[in-house]
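Colleague: I have a model open and would like to learn how to read it. Can we take it feature by feature?

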Amino acid sequence: MVFGTQSVLETLRSGKEIERLFIQREFGLAEIEKLAKELGVPYQRVPVEKLNRVTRKNHQGVIAFVSPIQYMPLHNVLTQVYEEGKTPLLLLLDRVTDVRNFGAIARTAECAGVQAIIVPTKGGAQINADAMKTSSGALNFLPICREPNLWETLMYLRNSGLQIIACTEKTDKSLYDIDFSIPTVIIMGSEEDGISKEFIDLADSGARIPLAGHVESLNVSVASSIVLYEAVRQRIK
């Protein structure tokens with residue numbers, strides 16, 4: 001965590017990855033906001049009470065959270081996968097906000113051979129110490145790609161030869177009827193309301209995990225594990 005106008009400005013200029021930036025609503029920190037926009041750093045204008053809950057020190061109206069990882073450009077990751085002769089298997093998380101869920105998903109994804117996790121610039125889980133711990137180190141090895149527009153990202157992946165599979169209960173097609181042996185990006189949705197309708201409509205197919213009990217849904221990290229290891233099973237076979 002970095003706070004104070006000059007410290008935050010220098011951190012932004014240094015090229016370090018900023019996970020999140022809080023700017024006091026009443027302050028006009030134009031230089032910081034301008035630089036954040038240029039660098040694509042997500043920021044929020046918040047009341048001073050929120051800043052004071054984070055730290056009681058002299059924050060001067062701005063607090064930045066430095067990311068423990070280096071985000072990777074999706075184009076570079078995908079190009080490398082194809083150059084190595086591998087079949088792409090990517091995971092896109094639509095508004096998964098719980099850091100422990102995110103860490104657990106990253107751990108499974110790394111073990112399953114997923115080449116990258118794609119997250120939104122805004123509206124996703126903060127990659128912090130809890131996420132790193134829950135991932136059991138996986139976030140040190142698995143590329144994370146932060147994208148400002150997931151719809152455009154999905155279109156880019158489709159044009160790059162990947163099928164789009166939305167893991168949702170809003171389909172009659174079983175997970176076990178999907179061919180995961182071809183280049184694939186799997187979408188997993190938020191803990192609250194699943195995948196956004198626009199992404200379900202964009203997908204080449206939905207994929208439903210069969211449930212035999214009374215509970216209507218699975219935790220997103222558990223569901224991710226089931227889907228990813230069906231892909232692993234098919235690819236090993």
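Modeller: We will go through the sheet, the helices and the cysteines in turn. Keep in mind that this is a predicted model.

Colleague: Start with the sheet. In what order do the 6 strands of the open sheet stand?

Modeller: First the general idea. Strands of a sheet pair through backbone hydrogen bonds, in either a parallel or an antiparallel sense. Here the sheet is open, and its pairing is parallel. Read across it, the order is β7-β6-β5-β9-β8-β10.

Colleague: Why is one side of β7 and of β10 left without a neighbour in the sheet?

Modeller: Both β7 (144–147) and β10 (205–207) are edge strands with a single partner each, so one side of each has no neighbour in the sheet. From one strand to the next, the twist averages 25 degrees.

Colleague: Take one pair. How many bridges join β6 and β7?

Modeller: Strand β6, residues 116–120, pairs with β7 over 4 bridges, in the parallel sense. For a landmark, find Pro120, which stands opposite Glu147 in β7.

Colleague: Now the helices. Which strands does α7 lie across?

Modeller: Helix α7, residues 150–159, lies across β5 (89–93), β6, β7, β8 (163–167) and β9 (184–188). Its direction is about 150 degrees to β6. Helix α9, residues 220–236, lies across β5, β8 and β9. It runs at about 160 degrees to β9.

Colleague: How do I describe one helix against another?

Modeller: Two packed helices are described by the angle between their axes and the distance between those axes. Try α4 (residues 74–83) and α7: their axes come within 12 Å and cross at roughly 20 degrees. Angles under 35 degrees count as roughly parallel, which makes α4 roughly parallel to α7. The crossing of α4 and α7 is right-handed.

Colleague: Which residues of α4 and α7 meet?

Modeller: On the α4 side, look at Leu74, His75 and Leu78. They meet Thr153, Tyr156 and Leu157 in α7.

Colleague: Last, the cysteines. How many disulfides does a search of the whole structure find?

Modeller: The search finds 0. A disulfide needs two cysteine sulfur atoms within 2.5 Å. The closest cysteine sulfur to that of Cys111 is in Cys145, 19 Å away, so the gap is too far for a bond.

Colleague: Is Cys111 buried or exposed, and is Cys145 buried or exposed?

Modeller: Cys111 counts as exposed, because its relative accessibility is 54%. Cys145 has 0% relative accessibility, so it counts as buried.

Terms used: Residues numbered from 1 in each chain as written. Predicted model: local features only at pLDDT ≥ 70, side-chain atom pairs only at ≥ 80, totals over all residues. Heavy atoms only, no water. Pairing = 2+ DSSP bridges. Helix = DSSP H or I, 4+ residues; strand = E, 2+ residues; numbered from the N terminus. Axes fitted to C-alpha atoms, helices over the stretch in contact; angles between N-to-C directions. Contact = heavy atoms within 4.5 Å. Buried < 20%, exposed > 50% of the residue type's maximum accessible area, 1.4 Å probe, protein only. Parallel < 35°, antiparallel > 145°, perpendicular 65-115°, else oblique. Left-handed = near helix turned anticlockwise from the far one by under 90°.
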